[in-house]
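Work through the exercises below with the sequence and the coordinates at hand. Each task is followed by a stepwise solution.

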Amino acid sequence: MDDQRWVWGVGLATTSADGTVLDTWYPAPAAGRIPLGMDPAIPPDELDRHAVPDPRRDVDVDVVVIEVDLDQPPASTPDAYLRLHALSHRLVTPNAVNLDGIFSHLPIVAWTNAGPMHPDDAARLRPFLTRDGIQLQGLDKFPRLLDYVSPPGVRIADAARVRLGAYLSPGTTVMHEGFVNFNAGTLGSSMVEGRISQGVVVGDGSDIGGGASIMGTLSGGGAHRVSIGARTLLGANAGVGISLGDDCVVEAGLYVTAGSKIVLADEPPRAGGGPATAKGADLSGRSGILFRRNSLTGAIEAVRRAGAGVTLNDVLHA
C-alpha cells in the first residue's frame, strides 16, 4: 500500500457536553503514516497544554493522533477535518482525496470568536456569552479557513469567504466578494473576485471576475467537474457550467452551460445557409476561445482567439 496516499496529524478535538465532536485542529498535518516509535498516548507538550475544558462554551478539548487512508471515505469528524486540513495545507490537490459522505461527519456548529460550540448550548448560554464578549459568527458545517490554516503567499480579504478545505496556491488573491469552497481552489497565481464552487480548480494566471460564478458538482447534479485553464478570464457577473481551457475569455454577464446553443462564428454556414452551431458541452475544455453574446441577435458565439489570455498584475500577486 502506498504510504503517500495517507496523511496523519496530531490535533486538538473540541467536544460538546453531549459528546458531539465539533471540530479538530491539526497545526502541522503530514503525508504518510504515523511515524514508527511515536506513542499517541504521549502528546506533544505544545498541544497538551491547550487540551483543557472551556466552561464558557461548555466544551472539552482533547489531543487526538490519527492517520487516514485518502482513498477510503471519512470515518469520523477528526478524520474529516484531517482531510480538509490536508487540502488547505497543500498536501493533496482538490478531487484527489475521497470525501464521500463527509457531510454526515460534520455536525452543524455554532462558530464563535472564542471557538466552536454546540448550537443548543449557544442558545442556552447566550446571556453569559454576551457578558464575556463572545459573539456568534455563523451556524454551518464548515468553518473559515483562516481559523485553522494561514496558507503562505496568499491574500484573503474577507475570512468568511473561504472555507476550510480550500486549496490556494501562492500568489492567489481572494478579494472581498470572492468565495472559495472546500475541495476547490487555485493551481497558481490567480485573482478571485467571484465564486469557485466545490470541486472546481482554476489554473495559473486566471482571473475570476467580480460576481462571476463557476458551477460545481454540488449544485449541478452532474458528474462533470468544471475546471478553468491557465490565463483565462471569466468576466464580471459571467458564469460557466463547462470547463474552459487555457487562454479563454467569457464576456462579462454571459453564462455558458453544457446545454447552451453556441454559434461557431469562425465556421462556414451549414448546408441551407444556417450558421454552424454546437452545444456548450461540445466546447468544454477547449483552449483559445472567446465566448460572447452577439449584440444584434442575442446569440451566444464562440470565436477563436490567438495568443495568451489575461495577464495579472505581478505586484498584486507577489
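The exercises treat a helix, the nonpolar cores, a sheet and some single residues.

The model is a predicted one, in which local features need pLDDT of at least 70 and side-chain atom pairs count only at pLDDT 80 or more, while totals for chains, interfaces and linings use all residues. Residues are numbered from 1 along each chain as its sequence is written, and side-chain values use heavy atoms, with hydrogens and water left out.

**Exercise 1. Helix α2**

Determine the span of α2, the burial of its residues and what covers them.

Solution.
1. Helices (H or I, at least four residues) and strands (E, at least two) are DSSP runs, numbered from the N terminus. Helix α2 covers residues 77-88, which is 12 residues.
2. The expected span is 1.5 Å times one less than the number of residues. For α2 this gives 16 Å, and the distance from first to last C-alpha, 17 Å, is close to that.
3. Buried means under 20% relative accessible area, exposed over 50%, and partly exposed in between (1.4 Å probe, protein chains only). Since 12 of the 12 residues of α2 are buried, the helix is largely enclosed by the rest of the structure. Among them are the charged-type names Asp79 and Arg83.
4. The cover over these buried residues includes β1 (6-16), β2 (21-25), β4 (59-69), β5 (109-112) and β9 (166-167); contact is counted for heavy atoms within 4.5 Å.
5. At the start of α2, a side-chain oxygen of serine 76 comes to within 3.2 Å of the backbone nitrogen of aspartate 79. Just after the helix, arginine 90 adopts a positive phi of about 65°.

**Exercise 2. The nonpolar cores**

Which residues of the largest nonpolar core touch the most other members, and which element gives the most to this core?

Solution.
1. A nonpolar core is a set of buried Ala, Val, Leu, Ile, Met, Phe, Trp, Tyr and Cys residues joined through side-chain atoms within 4.5 Å.
2. The largest core has 69 residues, and Ile214 and Phe291 touch the most other members.
3. Two or more residues come from each of β1, β4, α2, β5, β23 (261-264), β25 (289-293) and β26 (300-304). The most come from α2, which gives 6 residues.
4. A second, separate core has 6 residues, including Val10, Leu12, Val61 and Val65.
5. Beyond its neighbours within four places in sequence, the contacts of isoleucine 214 include Ile196, Val200, Val226 and Leu234.

**Exercise 3. The open sheet**

State the strand order and identify the edge strands.

Solution.
1. Two strands pair if DSSP finds at least two bridges between them.
2. The 10 strands of this open sheet follow the order β8-β10-β13-β16-β19-β21-β25-β26-β23-β24, with mixed pairing.
3. The edges are β8 (155-156) and β24 (277-279); each has a single partner strand, so one side of each lacks a neighbour in the sheet.
4. β23 and β24 run antiparallel and are joined by 3 bridges. One pairing sets valine 263 against threonine 277 in β24.

**Exercise 4. Single residues**

Is aspartate 121 buried or exposed, and which residues does it touch?

Solution.
1. Aspartate 121 belongs to helix α3 (residues 119-124) and is buried, at a relative accessible area of 10%.
2. Not counting residues up to four places away in sequence, aspartate 121 touches Ser16, Ala17, Arg57 and Asp58.
3. Aspartate 58 sits in the loop between α1 (45-48) and β4. Although not a glycine, aspartate 58 has a positive phi of about 55°, and it is partly exposed at 28% relative accessible area.

Conventions
Polar contact = N/O pair within 3.5 Å; in protein donor to acceptor, adjacent residues only side chain to side chain.
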